[in-house]
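Please open the model in your viewer and keep the sequence panel beside it. The tour goes from the whole chain to a pair of helices and then to two single residues.

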Amino acid sequence: MLAFERILLGKFLWREATVPENTQSYFLEPGSELKKFIKNGCNMGHKIVAGHILEQGKIVKDHIHVKGTEIHIPHMLLCGKSHGPTVLITAGIHNAEYVGIQAAIELSNELNVDDLHGNVVIVPLANRSGFENRTMSRVFEDGKNLNRVFPGDKEGSESERLANLLYEVFIKEADYYIDLHSGDGYETLTPYAYYLGDTDVEEESKKMIRCVDTKYCVRSKCKTGGAYNLASLHGVPSILMERGQLSLFSREEVEGDKADVRNILRYLGVLEGEHREYDKIELTEYNDTSPYTGCWYPEKKVGETFVKGDKLGEIRDYFGNSLYIANASKDGVLLFQCSSLNIIENGPMISYGVPN
């Protein structure tokens, strides 16, 4: 392996690039594309993402090194042959949520730059070390949930450094952002999507979410920790899509994610053609964590509605004695829940939405 120290160029983040086999290196060699770009004063109107100039017709498939770690993140840059916005698509922030990962990989090979008006940047597996070590939603090296530590810290632990790179290198350079998620290995989930309320880009994010083929959407109030939340707060219209469950992936679900992404790209003018809009029931989300470790017995299925006072599930000890009964505090619909027998104190139990 070889390591090369990067430079700072205006607002663009350059990095120390540790270059493994089959990975492009970014040297400022005499006569190189980047050196000419710098010499010309960076006045060609192009963006730079992960060290690559986004030029019409360019296709890049590469890895970027997270400085101070052994982590290398795959990414694809698809530069259309005409001008338009730059759309970022990420998946695998939670590395056992496979529907979005597979959809992103397939989109990177199916989208044709000849058909694009603008650029599509795809990060199909943000938490690569978690994926390769099957840690569910955690970064392998430090055990942290990546989607709770944004914007991260370039001098922090591995997950914090990774979050910082994703934000500085990819999210800040996007004009629009789509983050793909699903239910983790112990979670069942009904399809829905999030956008962040009370931001300058709320209305544009809502227009994106109308392009998603789900019955429900959540107007989130959470402004800390998450990738799409941070992007929205910094002026990038963003949504998070949820489809799939139990760390499974089906052809139908993968195609559903791909269809929604393409529909959003049509709305944004990145792809030609008419987009379709879907009516939504807008919800406020409530999350109940488990007060105990023990055995969990859910009473409802995801997507079911309930009324205040309904029993949603019960935690029992290892002798079958009841420890806790979860009752609905409001009328609502079950969005996702723990569906494994084991449940962990302070871990996810149920999430439900109440119509706005």
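Helices, as the word is used here, are DSSP runs of H or I with at least four residues, and strands are runs of E with at least two, both numbered from the N terminus. By that reckoning the protein chain of this predicted model has 7 helices and 21 strands.

**The whole chain**

Begin with everything selected and the surface switched on: the accessible surface of the protein chain comes to about 15,900 Å², and carbon and sulfur atoms hold 48% of that area. If you then colour by burial, 54% of the 356 residues count as buried. Turning to contacts between residues with a separation of 6 or more, you will find that 68% of them join residues 24 or more positions apart.

**Helices H2 and H7**

Next, select residues 98-110, which form helix H2, together with residues 251-267, which form helix H7. Two packed helices are described by the angle between their axes and the distance between those axes. Here the axes come within 9 Å and cross at roughly 55 degrees. Because angles from 35 to 65 degrees fall outside the parallel and perpendicular classes, H2 and H7 are oblique to each other, and the crossing in which H2 passes H7 is right-handed.

Now show side chains at this contact. From H2, the participants are Val99, Gly100, Gln102, Ala103, Glu106, Leu107 and Glu110, and these meet Arg251, Glu253, Val254, Glu255, Asp257, Lys258, Val261 and Arg262 of H7. Sorted by type, the residues of this contact comprise 8 charged, 5 nonpolar and 2 polar ones.

**Asn229**

Move on to residues 227-233, helix H6, and pick out Asn229 within that helix. Is Asn229 buried or exposed? Its relative accessible area is 5%, and since buried means under 20%, Asn229 counts as buried. Leaving aside residues up to four places away in sequence, Asn229 touches Leu196, Ser220 and Cys222, so display these three alongside it.

**Tyr286**

Finally, select residues 281-289, strand S14, and centre the view on Tyr286. With a relative accessibility of 30%, Tyr286 counts as partly exposed, a class that lies between the 20% and 50% limits. Which residues does Tyr286 touch, when those up to four places away in sequence are not counted? They are Lys330, Ile350, Ser351, Tyr352 and Val354. For one of these partners, Lys330, a distance label drawn from C-alpha to C-alpha should read 9.7 Å, although Tyr286 and Lys330 are 44 residues apart in sequence.

Conventions: Residues numbered from 1 in each chain as written. Predicted model: local features only at pLDDT ≥ 70, side-chain atom pairs only at ≥ 80, totals over all residues. Heavy atoms only, no water. Buried < 20%, exposed > 50% of the residue type's maximum accessible area, 1.4 Å probe, protein only. Contact = heavy atoms within 4.5 Å. Areas by Shrake-Rupley, 256 points an atom, 1.4 Å probe, with all protein chains shown as cover. Axes fitted to C-alpha atoms, helices over the stretch in contact; angles between N-to-C directions. Parallel < 35°, antiparallel > 145°, perpendicular 65-115°, else oblique. Left-handed = near helix turned anticlockwise from the far one by under 90°. Nonpolar A, V, L, I, M, F, W, Y, C, P; charged D, E, K, R; others polar.
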